[in-house]
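User: Hey, I'm new to this one. Could you walk me through it?

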Protein chains: 2
Amino acid sequence: MDYQSHPQPLNLATKHQQLPKVLIIRPLMVFKSVETEFSQKFHLVKAWESPLPLDQFLAAHAHDVRAMIASGDTLVNSDVLRHLPSLRCIVTSSAGIDRIDLPECRRCGIVVANAGAVFSEDVADTAVALLIDVLRRVVAADRYVRGGNWLVKGDYPLGSKLGGKRVGIVGLGSIGMEVAKRLEAFGCTISYHSRKAKPSVSFPFYSNVCELATNCDILILCCALNDQTHHMINKEVLLALGKDGVIVNIARGAVIDEKELVRFLAQGDIAGAGLDVFENEPEVPRELFPLDNVVLSPHRAVFTEESIRDSVDLMLANLEAFFSNKPLLSPVENE
Amino acid sequence: MDYQSHPQPLNLATKHQQLPKVLIIRPLMVFKSVETEFSQKFHLVKAWESPLPLDQFLAAHAHDVRAMIASGDTLVNSDVLRHLPSLRCIVTSSAGIDRIDLPECRRCGIVVANAGAVFSEDVADTAVALLIDVLRRVVAADRYVRGGNWLVKGDYPLGSKLGGKRVGIVGLGSIGMEVAKRLEAFGCTISYHSRKAKPSVSFPFYSNVCELATNCDILILCCALNDQTHHMINKEVLLALGKDGVIVNIARGAVIDEKELVRFLAQGDIAGAGLDVFENEPEVPRELFPLDNVVLSPHRAVFTEESIRDSVDLMLANLEAFFSNKPLLSPVENE
């Protein structure tokens, strides 16, 4: 429902103007299907519908906005925040918050809510699928069958067993825990690297990611992207993981030094990779396209129809909590 | 080591002739790499190395053979058994025993050992990967990325969540139990169909596979192929499963009426399928090749380098047990 181009009866339009203002800079993937729900509760200020440049739009229409919704790819930096002096709450539809300038938010007294654990199960499911797909060559074998090769060339080469593998989880948050829970059911042994050891967790902890790689067959990246994790998986870590090692990345592309990873994969210096994220997505290094030891996923680990619905509900609940002066349901730690 | 074409010192050759004879009709996939191990313990009678037709070879060389090794695709029917009057033990490298005439074996007093649960974990791993791949469109999305479409056409469509799905397992043997264990960790609810209810299992039991399909979102076929299960998944079951239903088959192709399945998939009358086996493999219905809602695996669910090694050890142990008059380690029930 587009209330601007389809005039509504005055009482409805007036009522809408009285709702709390919520800024949206870029449309959310799911927005069209749920816009009505949001519009019934909030006066949506949609920057992308205006022909004005963003800074002019914000200066003209968002001076008094107290809350905004940000998609995962919406950049919320100091340039944007400068135009939003009344902003006190950002609700993002993403679990990742690497596009939001958290120190600047803290300085301005802006609270941030993310998707919390809404997507954790879906991401973990994809991580497991990418891992088995690499070890057991499922995707490459599907290509082999569709190419008509099974009949002509015979059996496809064997893969490697998941059970008994030593899995290192990098970043043991809600996603990492879901990955661990699943892989234990497959008979894997789990250890992890994180900013600090988790007292509530019995898996072995490695403070050094290189040591984790040395002691694991598989690394699964589940951490946030920040200054500490940018290119954390570098040449040294890949060497430590070794020729039989496999990497799964469902975190952010830039957690890995992608150029090095491509080189290691192409030369067989690690065994394989399942990648849902890339440094300059949607660009994917073309050197990966001919490789059978990689599975390439277009940043879809996080989303299913079901989890999108859950995230919409969570965004609505966070905004309602904010405007009712109640605690956010999924606040981002920002200290 | 080919003792027939490379003459050995007399004492070794004589010693070899004194070892218990074991017939092999067709080479096993792994045979070359482990032939030495078998040759040190058994006098191998290799039918495929002879230019004679099989019946003539058996009549000439296998009259006194008491044990044989059969690959999963070796047909052991009454025609073959007729030429093997001394045979008392068949050890197959496969979990499936649909190529062995069990009633005829029973009649002749022949015991059969299969791969037992050696491959169960690998098969279950693949079943889970195929399922997530179908639900989350992993394989089709990989094609999308490799085709350069992500950059040009934008986001790939959303998949469907695994957690919360109602999974019906058809055939709750060691493979089915491993599948159940894994999918419980993903938050699925499990029920099953089997010849009879398992007293030790708390999952809901359906004596009728159609009722199971009606009450499930997903069917995973883990049963043996026999007269009762041949084309068990027919049009009626597929209709009961419905438009949102998904099938994974890691059993045998002929458990499904493949023509019906192809029709249902092509018309979108079920949502998708992950297929490791086919009715006339290595032939795969070409109508499946253009479909994005199927994952096609060339009967590789069962094998990894690790499980092949385990299966070789089990075959050796079964043969040694037989020749020592001890109980087989993985006997096939045949009553």
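Analyst: Sure, here are some notes on the structure, topic by topic. This is a predicted model, in which local features need pLDDT of at least 70, side-chain atom pairs count only at pLDDT 80 or more, and totals for chains, interfaces and linings use all residues. Residues are numbered from 1 along each chain as its sequence is written, chains are lettered from A and ligands numbered from 1 in the order in which they are written, and side-chain values use heavy atoms, with hydrogens and water left out.

User: Okay, what rotation superposes chain A on chain B?

Analyst: A rotation of 180°, with 0.0 Å of shift along its axis, and the RMSD is 0.0 Å. That is the relation of a two-fold axis. The superposition is a least-squares fit on the C-alpha atoms of residues with pLDDT of at least 70 in both copies.

User: And how much of the contact surface of chain A recurs in chain B?

Analyst: 100% of the contact residues of chain A recur in chain B, so the same surface serves both copies. Contact here means heavy atoms within 4.5 Å.

User: Switching to sheets. What's the strand order in chain A?

Analyst: It's an open sheet of 5 strands in the order 2-1-3-4-5, with parallel pairing. Two strands pair if DSSP finds at least two bridges between them. Helices (H or I, at least four residues) and strands (E, at least two) are DSSP runs, numbered from the N terminus.

User: Which are the edge strands?

Analyst: Strand 2 (43-46) and strand 5 (111-113) of chain A, each pairing on one side only. From one strand to the next, the twist averages 25°. Axes are lines fitted to C-alpha atoms, for helices over the stretch in contact, and angles run from 0 to 180 degrees between N-to-C directions.

User: What packs on that sheet?

Analyst: Helix 2 (residues 31-41) of chain A does, touching strand 1, strand 2 and strand 3 of chain A. Its direction makes about 140° with that of strand 2 of chain A. As for the pairing, strand 1 (residues 21-24) and strand 3 (residues 67-70) of chain A run parallel and are joined by 3 bridges, with A:Val22 opposite A:Ala67.

User: Now chain B. What does strand 4 pair with there?

Analyst: Strand 4 of chain B pairs in the parallel sense with strand 3 (residues 67-70) over 4 bridges, and with strand 5 (residues 111-113) over 3 bridges. B:Ala67 stands opposite B:Cys89, while B:Ile90 has B:Val112 as its bridge partner.

User: Are the two sides of strand 4 in chain B buried or exposed?

Analyst: Both faces are covered: B:Cys89 and B:Val91 on one side, and B:Ile90 and B:Thr92 on the other, are all buried. Buried means under 20% relative accessible area, exposed over 50%, and partly exposed in between (1.4 Å probe, protein chains only). In a regular strand the side chains alternate between the two faces of the sheet.

User: What unit does strand 4 of chain B make with helix 5 and strand 5?

Analyst: A right-handed β-α-β unit, where helix 5 covers residues 102-108. Right-handed means that, with the strands pointing away from the viewer, the path from the first strand over the helix to the second runs clockwise.

User: How many disulfides are there?

Analyst: A search of the whole structure finds 0 over all chains. A disulfide is a pair of cysteine sulfur atoms within 2.5 Å.

User: Why is there no bond at B:Cys108 or B:Cys188?

Analyst: The closest cysteine sulfur to that of B:Cys108 is in B:Cys105, 6.9 Å away, which is too far for a bond. For B:Cys188 the closest is in B:Cys216 at 10 Å, also too far. B:Cys108 is partly exposed at 27% relative accessibility, and B:Cys188 is buried at 7%.

User: Where are the cis peptide bonds?

Analyst: One joins A:Glu281 and A:Pro282, and one joins B:Glu281 and B:Pro282, each with omega of about 5°. A:Pro282 is in the loop between strand 10 (272-275) and strand 11 (294-296) of chain A.

User: What about phi at A:His231 and B:Arg137?

Analyst: A:His231 has a positive phi of about 55°, and B:Arg137 has one near 60°. Most residues other than glycine have a negative phi. A:His231 sits in the loop between strand 8 (218-221) and helix 11 (235-241) of chain A, and is partly exposed at 24%. B:Arg137 is in the loop between helix 6 (120-135) and helix 7 (138-146) of chain B.
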